[in-house]
Amino acid sequence: MRPVLSAGTSVLAVDAAPNPWFDGSYVADNWDTIMGYLGEHVRLTVGAVLIGAAIALPLALVARRNRLLGAAVLSLSTVVYTIPSLAMFALIFPFTGLSATTVLVGLTAYSLVILVRNFLVGLQGVPDDVQEAARGMGYGAVRRFWQIELPLALPAFMAGLRIATVSTVALTTVGVLVGHGGLGQLITGGFNANFYRAEIVTGAVGCVLLALVADVLLAGVERLLTPWARAARA
């Protein structure tokens with residue numbers, strides 16, 4: 001009998017042999033549940049990276065203006081990244097409970113060390129003479145940022161988003177600690193079911209493919225947003 005799992009459970013009939021590393025019938029029989037876990041994985045990843053970017057950009061702007069404050073911001077984000085996921089969830093749990101929000105908050109915090117650094121590098125890479133020329137043409141701070149600094153810093157911004165996204169896809173699996181690990185639920189479910197290989201491989205391969213697809217999509221977005229970069233390389 002092929003093992004079939006229902007959404008939110010990991011109960012499998014695993015005693016039957018053989019135990020292959022990949023089983024197409026397992027994927028077919030459990031397609032709806034796998035897609036449910038994939039959807040949760042995507043929502044957590046996208047949400048964490050978008051919220052992280054919204055927090056990281058103003059932090060990077062502040063860090064560029066004040067070197068001491070910038071060093072403090074970078075140090076704090078690095079310290080947060082070193083906190084083990086179990087400890088992180090323990091700190092968040094009293095406020096959010098065993099929910100997807102707990103995972104989202106943790107993933108957002110972890111993304112900041114990557115996003116803040118890359119955003120800051122991008123902003124610092126804008127040539128001083130370009131900024132001076134913009135000021136001389138009457139550009140205010142806001143207009144200068146949107147029309148001059150942001151386009152020039154965009155390659156570094158996108159590099160940070162790509163790294164943060166791939167990293168978050170991997171980190172999302174630790175959400176199994178609170179029951180919201182996306183495709184990680186399949187991996188732990190397989191281990192809990194007497195090392196059921198097909199379930200483990202399905203979850204692991206799904207994570208890898210999701211990370212690759214996300215990176216390719218972001219690379220495509222970067223190419224669309226920075227046509228001048230392609231022309232320079234050509």
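**Notebook: contacts, salt bridges and helix crossings**

I began with Gly 122 and, leaving aside its neighbours within four places in sequence, found it in contact (heavy atoms within 4.5 Å) with Ala 153, Ala 156 and Phe 157. Before going further I noted that this is a predicted model, in which local features need pLDDT of at least 70, side-chain atom pairs count only at pLDDT 80 or more, and totals for chains, interfaces and linings use all residues. I also noted that residues are numbered from 1 along each chain as its sequence is written, and that side-chain values use heavy atoms, with hydrogens and water left out.

**Entry on Gly 122**

I placed Gly 122 in helix H5, which covers residues 100-124; helices here are DSSP runs of H or I with at least four residues, strands are runs of E with at least two, and both are numbered from the N terminus. Gly 122 has a relative accessible area of 5% and is therefore buried, where buried means under 20% relative accessible area, exposed over 50% and partly exposed in between, with a 1.4 Å probe and protein chains only. I then looked up its C-alpha atom, which is separated by 6.3 Å from that of Phe 157, a residue 35 positions away along the chain.

**Entry on the whole chain**

I counted ten helices and zero strands in the protein chain. Of its 234 residues, 42% are buried. Among contacts with a separation of 6 or more, those between residues 24 or more positions apart account for 74%.

**Entry on salt bridges**

How many salt bridges does a search of the whole structure find? I obtained five, taking a salt bridge to be a side-chain nitrogen of Lys or Arg within 4 Å of a carboxyl oxygen of Asp or Glu.

I looked up Glu 149, which forms one with Arg 64, and the closest N and O atoms of this pair are 3.2 Å apart. The pair links distant parts of the chain, since Glu 149 sits in helix H7 and Arg 64 in helix H2 (residues 31-65), 85 residues apart. Glu 149 counts as buried because its relative accessibility is 2%, whereas Arg 64, at 25%, counts as partly exposed.

I turned next to Arg 144, which is found in helix H7, residues 141-171. Its side chain meets that of Glu 149 in a salt bridge, at 3.6 Å from N to O, and both residues are buried; for Arg 144 the relative accessible area is 10%. Leaving aside its neighbours within four places in sequence, I listed the contacts of Arg 144 as Gln 131, Ala 134, Arg 135, Tyr 139 and Glu 149. Arg 64, Arg 144 and Glu 149 are thus linked in a network of salt bridges.

I also noted Glu 222 and Arg 162, whose side chains meet in a salt bridge at 3.6 Å from N to O. This pair too links distant parts of the chain, with Glu 222 in helix H9 and Arg 162 in helix H7, 60 residues apart. Glu 222 is buried at 17% relative accessibility, and Arg 162 is partly exposed, with a relative accessible area of 25%.

**Entry on H4 and H5**

I returned to H5 and its crossing with helix H4 (residues 85-96), where the axes come within 9 Å and cross at roughly 130°. For this I kept in mind that axes are lines fitted to C-alpha atoms, for helices over the stretch in contact, and that angles run from 0 to 180 degrees between N-to-C directions. H4 and H5 are therefore oblique to each other, given that angles under 35 degrees count as roughly parallel, over 145 as roughly antiparallel, 65 to 115 as roughly perpendicular and the rest as oblique. The residues that make the contact include Met 88, Phe 89 and Phe 93 of H4, and Val 105, Ala 109 and Tyr 110 of H5.

**Entry on H8 and H9**

I closed with helix H8 (residues 184-192) and helix H9 (residues 197-225), whose axes come within 7 Å and cross at roughly 160°. That angle makes H8 roughly antiparallel to H9. Among the residues that meet, I listed Leu 186, Ile 187 and Phe 191 in H8, and Ile 200, Gly 203 and Ala 204 in H9.
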